[in-house]
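Hi,

Here is the structure I said I would pass on. Have a look at it first, and then read my notes underneath.

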Amino acid sequence: MANYDKGLQQVRGVIAAAHKDCSLLEKLQFYDQWATQYEEDVSILEYKAPHLAALALASVCQGKQESKLVLDVACGTGRAAEELQHNGFNLFHGLDGSKGMLEIAKKKELYQELKQSMLGQGQLPYDSEMYDAVVIVGALSDGQVPVSVLPELLRVTKPGGFVCMTTRGNISNLKYKAELEEEMSSLQNKGFWEQVLVQEVEQWEKATSEKEITQESDYIRGVIYIYRKMSAPSIVS
Ligand SMILES: C[S@@+](CC[C@H](N)C(=O)[O-])C[C@H]1O[C@@H](n2cnc3c(N)ncnc32)[C@H](O)[C@@H]1O
């Protein structure tokens, strides 16, 4: 077996542990102990979500990016902020449930502020309409951050600001993805935000289990969504 394949098999084992049915607390403890290996492991999986999400946000959010305040929700080790910095953004706040992941993010000295907080359990610890853009990358999926977080992402975004979200299109995440898209549409129909970008990506990352590998590909699909917050809700009938 080539070294690369050996690495991939080992990472699949690690991810299987991450996705096993467990409580949120156990999942965050898993991230705590994975934190120092996380970036090496996800690069073996060819995890491109932070790079692609940053490019997508930069494409819709033009002009004076260095002065735009971005909230990186479920920031982990800071991959999304790093990629956003390559695209001209420079002001970041970050939030994550895992202390271990936040410790790695802190060392990068990218964020002006980092907070440890659980997502999907009530309000985010921020005032309303604080951020020019809110990103959540790699965390909207089954067993991680619940769909119920969406109104909170919207609340903390400034009117006219952007919310950039990603999810995976692998078989075991399809039910979650459908619920996510239903909630996105519901918020749009209520006039709270409007969709400005949907980008489907075929080779999102390497599949992490045999059952996700198809005849056509050993990658799973993923999606980037960007919504713009409306200045005042305008109900669409
Ligand atoms: C796959 S990592 C993604 C990290 C980073 N955004 C990236 O793209 O590399 C998922 C992150 O979400 C955090 N997370 C997952 N569920 C969470 C929850 N319910 N509350 C807070 N953090 C959560 C984990 O601690 C982890 O850092």
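Let's start in the middle of a strand: Phe-162 stands opposite Arg-228 in S7. Before I go further, please keep in mind that this is a predicted model.

Phe-162 has a partner on another strand too, as this S5 residue is the bridge partner of Ala-133. That makes Phe-162 a handy place to begin looking at how S5 is paired. With S7, S5 pairs in the antiparallel sense, over seven bridges. With S4, S5 runs parallel, and five bridges join the two. If you trace the chain from S4 to S5, you pass helix H6 (residues 150-155), and the three together make a right-handed β-α-β unit. How much of S5 is covered? Nine of its twelve residues are buried, so "mostly covered" is a fair description, with buried meaning under 20% relative accessible area.

Next, helix H3, which takes in residues 49-60. From its first C-alpha to its last, H3 reaches 17 Å, close to the 16 Å expected for its twelve residues. Its buried residues are Ala-49, Pro-50, Leu-52, Ala-53, Ala-54, Ala-56, Leu-57 and Ala-58. What do they pack against? The answer takes us back to the strands above: S4 (131-136), S5 (157-168) and S7 (219-229) are among the partners, along with strand S6 (193-206) and helix H4 (79-86).

Two loop residues also caught my eye. Ala-74 sits between strand S1 (69-73) and H4, and its phi is near 55°, a positive value in a residue other than glycine. Glu-109 lies in the loop between helix H5 (99-107) and strand S3 (113-116), and this residue, also not a glycine, has a positive phi of about 55°. Which of them is buried and which is exposed? Ala-74 counts as buried because its relative accessibility is 15%, under the 20% cut-off. Glu-109 counts as exposed because its relative accessibility is 71%, over the 50% cut-off.

Last, a pocket. The second largest one has a volume of about 230 Å³. Its lining includes Gly-169, Asn-170, Ile-171, Glu-202, Gln-203, Tyr-219, Ile-220 and Arg-221. S6 and S7 are the elements that give two or more residues to that lining, and S7 provides the largest share, three residues. So far as a route through the model goes, I'd begin at Phe-162, opposite Arg-228, and finish at this pocket.

Cheers

Methods. Residues numbered from 1 in each chain as written. Predicted model: local features only at pLDDT ≥ 70, side-chain atom pairs only at ≥ 80, totals over all residues. Heavy atoms only, no water. Helix = DSSP H or I, 4+ residues; strand = E, 2+ residues; numbered from the N terminus. Expected span 1.5 Å × (residues − 1). Buried < 20%, exposed > 50% of the residue type's maximum accessible area, 1.4 Å probe, protein only. Contact = heavy atoms within 4.5 Å. Pairing = 2+ DSSP bridges. Right-handed = clockwise from strand over helix to strand, strands pointing away. 1 Å grid on protein atoms, 1.4 Å probe; cavity = no way out; pocket = protein on both sides within 12 Å on 5 of 7 lines; lining within 4 Å. Points joined across faces, edges and corners; volume = space filled by probe spheres on them.
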